[in-house]
Amino acid sequence: MRNYDLTPLYRATVGFDRMADLLDSLLTQETGANSYPPYNIEKTDENTYRISIAVAGFSEAELRVEQRETELVIAARKEKDDTARTYLHRGIATRAFEKRFQLADHVRVTQASHENGMLHVDLLREVPEAKKPRQIAITSGKASKQTPALEVTDIEV
């Protein structure tokens, strides 16, 4: 894997720090390390999304969903079980995890639910009125009044 140096990008831009940080984090992530637990991201409507994560073996008390500005952090930590068990086969992984998702501007978490071993996190994109596209009325040339240009005359000194 190649390493890219984004330092010139930081020096040549102003106000794009978040974009540069996002690029930097994407380039430094290992592809195989982020596969547990399995998850789906689906678009349920024009402005709504759902992240579903398989969390078999975790209770609601052991799960944490937190939104930090434009980052969604979903974590789980299994409490220490003192019960001595002998497994013949252990296929359900209940190891601790933390998943981070970068959210677009104006996206917020509306709810999280835990059912049938799945954690569902619903997201909503709320674009402010000032940022929404607006229709501009077109007027004819006769309707708009133009101010006449000032005439410059020669002045004798």
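Trainee: In this predicted model, is glutamate 62 buried or exposed, and what is its relative accessible area?
Mentor: Glutamate 62 is found in the loop between strand S2 (48-54) and S3. The cut-off for a buried residue is a relative accessible area under 20%. Glutamate 62 falls on that side of the cut-off and is therefore buried, with a relative accessible area of 11%.

Trainee: Which residues does glutamate 62 touch, not counting residues up to four places away in sequence?
Mentor: This buried residue lies in the loop between S2 and S3. Not counting residues up to four places away in sequence, glutamate 62 touches Gly57, Ala75, Ala76, Arg77, Lys78 and Glu79.

Trainee: With the side chain of which residue does the side chain of glutamate 62 make a polar contact?
Mentor: Two partners of this side chain can be described, and one of them is a backbone atom: the side chain of glutamate 62 reaches the backbone nitrogen of serine 59 at 2.9 Å. The side-chain partner, in a polar contact at 3.3 Å, is lysine 78.

Trainee: How many bridges join strand S3 to strand S4?
Mentor: Strand S3 covers residues 63-68 and strand S4 covers residues 71-76, and the two run antiparallel. Within this pairing, glutamate 66 stands opposite valine 73, while glutamine 67 has leucine 72 as its bridge partner. The number of bridges that join S3 to S4 is 6.

Trainee: Which residue in the turn of the hairpin formed by S3 and S4 has a positive phi?
Mentor: The hairpin has 2 residues between its strands, and one residue in the loop between S3 and S4 is exposed, with a relative accessible area of 74%. That residue has a positive phi of about 50 degrees although it is not a glycine, whereas most residues other than glycine have a negative phi. The residue in question is glutamate 69.

Trainee: In what order do the strands of the open sheet lie?
Mentor: The sheet is built from 3 strands with antiparallel pairing. Its edge strands are S3 and strand S5 (97-102), each of which pairs on one side only. The twist averages 15 degrees from one strand to the next, and the order of the strands is S3-S4-S5.

Trainee: What is the geometry of the ring pair formed by tyrosine 36 and phenylalanine 97?
Mentor: The structure holds 3 aromatic pairs. In this one the ring centres of tyrosine 36 and phenylalanine 97 are 6.0 Å apart and the planes stand at 90 degrees, which is over the 60 degrees required, so the pair is classed as edge-to-face.

Trainee: How many residues apart in the chain are phenylalanine 58 and phenylalanine 97?
Mentor: The centres of these two rings are 5.9 Å apart and their planes lie at 80 degrees, so this pair is edge-to-face. The pair links distant parts of the chain, with phenylalanine 58 in the loop between S2 and S3 and phenylalanine 97 in strand S5. Phenylalanine 58 is buried, with a relative accessible area of 5%, and phenylalanine 97 counts as buried at 7%. The separation between them is 39 residues.

Trainee: Which residues do the ring pairs link into a cluster?
Mentor: One pair brings together tyrosine 36, in the loop between H2 and S1, and phenylalanine 97 in strand S5, at a separation of 61 residues. A pair between phenylalanine 58 and phenylalanine 97 likewise links distant parts of the chain. The cluster consists of Tyr36, Phe58 and Phe97.

Trainee: Which peptide bond is cis, with omega near -10 degrees?
Mentor: Most peptide bonds are trans. The cis bond leads to a proline found in the loop between helix H2 (17-28) and strand S1 (39-43). With omega near -10 degrees, it is the bond from tyrosine 36 to proline 37.

Trainee: What is the phi of asparagine 116?
Mentor: Asparagine 116 lies in the loop between strand S6 (107-115) and strand S7 (118-125), and at 77% relative accessibility it counts as exposed. Its phi is positive, although asparagine 116 is a residue other than glycine, and the value is near 55 degrees.

Trainee: What pattern does the protein follow along the sequence?
Mentor: The protein has 2 helices and 7 strands, and buried residues make up 18% of its 157 residues. Read along the sequence, the pattern is α-α-β-β-β-β-β-β-β.

Methods. Residues numbered from 1 in each chain as written. Predicted model: local features only at pLDDT ≥ 70, side-chain atom pairs only at ≥ 80, totals over all residues. Heavy atoms only, no water. Pairing = 2+ DSSP bridges. Helix = DSSP H or I, 4+ residues; strand = E, 2+ residues; numbered from the N terminus. Buried < 20%, exposed > 50% of the residue type's maximum accessible area, 1.4 Å probe, protein only. Polar contact = N/O pair within 3.5 Å; in protein donor to acceptor, adjacent residues only side chain to side chain. Contact = heavy atoms within 4.5 Å. Axes fitted to C-alpha atoms, helices over the stretch in contact; angles between N-to-C directions. Phe/Tyr/Trp six-rings, centres within 6.5 Å; stacked < 30°, edge-to-face > 60°.
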